[in-house]
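Visitor: Could you walk me through this one, and tell me how you know each thing you say?

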Amino acid sequence: MPLTYWCEQAWLPGGVTEGVLVEIEGTHVVQVRQGEPGGAERLAGLTIPGLANAHSHAFHRALRGATQAGSGDFWTWRERMYEVAARLDPDGYLALARAVYAEMALAGVTCVGEFHYLHHGPGGVPYDDPNTMGHALVQAAREAGLRIALLDACYLTGGIGVPLEGPQTRFGDGDVGDWAARAEMLAAAYEGRPDVEIGAAVHSVRAVPAGQMPMVAEFARRHAAPLHAHVSEQRAENTACEHAYGATPVRVLYENDLLGPRSTAVHATHLSDADIGLLGQSGTHVCMCPTTERDLADGIGPARALYDQGSPLTLGSDSHAVIDLFEEARAVELDERLATERRGHWQAAELLTAATGRGHASLGFPDAGQLMPGAWADLVSVRLDSVRTAGTTGLEAVVFAATAADVHSVISGGRRVVTEGRHRLGDIGALLGEAIGRVR
């Protein structure tokens, strides 16, 4: 039976429009038009399409607030991350990921790109089903009300030419052939599931030898699936790559056929002009994760230069130091202001498109991220009368003033997930506290 919602304001392909009726049948929108509310359920404030969190490591959420004492850098933070990875089992991962994805839903996220590399048991011993941890993530997303692109990451070395050791052994499959065999099993398990996309990932040039990258790219091509990779997040990564291969990480990915419209370069922080050209001219998406990049002191990537060269922008919360796609969106603009001492690099509509339509497309859901007939029925309503948004108007109210706390209603794939700021699973803070307590 069709459901109809009346939006006080809605962001449509043509712009912000007053008094919009959105009719939903099943999981998709069937009609969008202006009209009187009649008996339709009312959605206050500004309703936008569901947000896409294009880069997530669910288990990193357990590190929030636990790595802020003292100093250090990305590499010292990474050691704390390995400690968490060492403690997780399938049941614990399910509980943690379900709570993290519910936190995302409260923030207006309806689809997550989970960059998944915690594959095996302690010591790298596979579970009876070698995709047990991946199945836990898919189940967690479904229970939290999100679609998921499970980006199964190939992770074979602890650095260029360095074997995996300690907790890292849980990430590895031995070689790329064994990774591909396991990934094929995972893809077969979800064939025909419209709310699950099985993609591929090269963790980084540090973790996958260049000669083994083409098989990962071939998997993605064969399945017409997304292909993601961490790229040039740290200067030390660039130095090691240039020493080993005589080329930058972007060049190595290009030479091994990993760039293109289905691909996403995550972070892309420390790039040469030639790197920017290769990414842009190939149409490779670039996923910026500003709250993580600043938390880890990574640096500020050349987002505008990449976009102007042809790379679509997407956004992710990565380590979940913050889960707030509005904050990620405005940080792209605000960080560039700090780097250039100039304002006005991005329009609000460009940033919100990165958080919606572009993000969904990069995760294998091109029919999501817009309020139009035929699109996934994802409606996120943001209050315009909170202490943050009162007195603001238009998309700028959402992108430059609102926070995740201003999301009051979320409909994901036609299902009501959040009502008056409360998730259908109940007290998500309590669920997070319990799940993180188990890990710590």
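**Two helices, a kink and a histidine**

Guide: Let's start with H2 (residues 90-106) and H15 (residues 428-439), two helices that pack at about 145 degrees with axes 9 Å apart. Axes are lines fitted to C-alpha atoms, for helices over the stretch in contact, and angles run from 0 to 180 degrees between N-to-C directions. This is a predicted model, where local features need pLDDT of at least 70 and side-chain atom pairs 80 or more, while totals for chains, interfaces and linings use all residues. Numbering starts from 1 along each chain as its sequence is written, and side-chain values use heavy atoms, leaving out hydrogens and water.

Visitor: What makes the helix H11 span agree with what it should be?

Guide: The expected span is 1.5 Å times one less than the number of residues. H11 (residues 325-340) has 16 residues, so it should span 22 Å, and its end C-alpha atoms are 23 Å apart, which agrees.

Visitor: Where is the kink in H11 centred?

Guide: On Ala331, with a kink of about 30 degrees. The bend is the angle between axes fitted to the seven residues ending there and the seven starting there.

Visitor: Why is His203 called buried?

Guide: Buried means under 20% relative accessible area (exposed is over 50%, partly exposed in between; 1.4 Å probe, protein chains only). His203 has 7% relative accessibility, so it counts as buried. You'll find His203 in the loop between strand S8 (196-202) and helix H5 (213-222).

How values were computed. Helices (H or I, at least four residues) and strands (E, at least two) are DSSP runs, numbered from the N terminus.
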